[in-house]
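The questions below take up the terms applied to one model and ask what each of them rests on. Every answer sets a value beside the criterion it has to meet.

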Amino acid sequence: QVQLVESGGGLVQAGGSLRLSCAASGRTFSSYVMGWFRQAPGKERDFVAAIHWSFGATYYADSVKGRFTISRDNTKNTVFLQMNSLSPEDTAVYYCAANPRGKATTVLDMYDYWGQGTQVTVSS
């Protein structure tokens, strides 16, 4: 059974940084695309970033390009999201997700497995 556990959220001032982690377990993820999504209060869950577990190809939403970096540590089965230059608009619950198809990396419905989410709050 696939399990994704996020950590690293918290409260930070505008301009600050946070690093989210997603520990994955339950199967081999070599063919998976791992993604980060976020959901602000009253809004839909939006794509943030994704990475192909084996190839390392990365994808970003325009709103986070140049500020966020997704990476993975294959030895620890962990995916990271380094978030810099945070603004109050980045405040949301951040979710880690796993897409077994290895394609359509920005489409929410293609991700079969989800973590419980971690809250990120950026104060102005």
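Q: In this predicted model, what makes strand 7 and strand 8 (residues 78-83) a pair?
A: Six bridges join strand 7 to strand 8, and the two run antiparallel; since a pair requires at least two bridges, the criterion is met. Among the residues involved, Ser71 has Phe80 in strand 8 as its bridge partner.

Q: Which larger arrangement includes strand 7 and strand 8?
A: Both belong to an open sheet of four strands, in the order 1-3-8-7 with antiparallel pairing. Strand 1 (3-7) and strand 7 (68-73) are called edge strands because each pairs on one side only. From one strand to the next, the twist averages 15 degrees.

Q: How do you know that Cys22 and Cys96 form a disulfide?
A: The sulfur atoms of Cys22 and Cys96 are 2.1 Å apart, and a disulfide is a pair of cysteine sulfur atoms within 2.5 Å, so the pair qualifies. The structure holds one disulfide. The link connects distant parts of the chain, with Cys22 in strand 3 (residues 18-25) and Cys96 in strand 9 (residues 92-99), 74 residues apart.

Q: Why is the disulfide of Cys22 and Cys96 called left-handed?
A: The torsion about the S-S bond is about -75 degrees, and the disulfide is therefore left-handed. As for their surroundings, both Cys22 and Cys96 are buried, a term that stands for a relative accessible area under 20%.

Q: Why is strand 5 (residues 45-52) described as largely enclosed by the rest of the structure?
A: Six of the eight residues of strand 5 are buried, so the description follows from that count.

Q: Which strands pair with strand 5, and what makes each a pair?
A: Strand 4 (residues 33-39) pairs with strand 5 in the antiparallel sense over seven bridges, with Gln39 opposite Arg45. Three bridges join strand 5 to strand 6 (residues 58-60), again antiparallel, and here Ala50 stands opposite Tyr59. Both counts satisfy the requirement of at least two bridges. In the hairpin of strand 4 and strand 5, which has five residues between the strands, Gly42 takes a positive phi near 75 degrees; in the hairpin of strand 5 and strand 6, also with five residues between the strands, Gly56 takes a positive phi near 80 degrees.

Q: Why does Asn77 count as partly exposed?
A: Its relative accessibility is 24%, which falls between the limit of under 20% for buried and that of over 50% for exposed, so Asn77 counts as partly exposed. Asn77 is found in the loop between strand 7 and strand 8, and has a positive phi of about 50 degrees although it is not a glycine.

Q: Why is Ser85 called partly exposed?
A: At 44% relative accessibility, Ser85 counts as partly exposed, because exposed would require over 50%. Ser85 lies in the loop between strand 8 and strand 9, and its phi is near 50 degrees, a positive value in a residue other than glycine.

Q: How do the residues that line the largest pocket divide by class?
A: The lining divides into three nonpolar, two polar and six charged residues. Among the lining residues are Arg38, Lys43, Glu44 and Asp46, whose residue types count as charged, as well as Pro88 and Ala92, whose types count as nonpolar. The volume of this pocket is about 150 Å³.

Notes. Residues numbered from 1 in each chain as written. Predicted model: local features only at pLDDT ≥ 70, side-chain atom pairs only at ≥ 80, totals over all residues. Heavy atoms only, no water. 1 Å grid on protein atoms, 1.4 Å probe; cavity = no way out; pocket = protein on both sides within 12 Å on 5 of 7 lines; lining within 4 Å. Points joined across faces, edges and corners; volume = space filled by probe spheres on them. Axes fitted to C-alpha atoms, helices over the stretch in contact; angles between N-to-C directions. Buried < 20%, exposed > 50% of the residue type's maximum accessible area, 1.4 Å probe, protein only.
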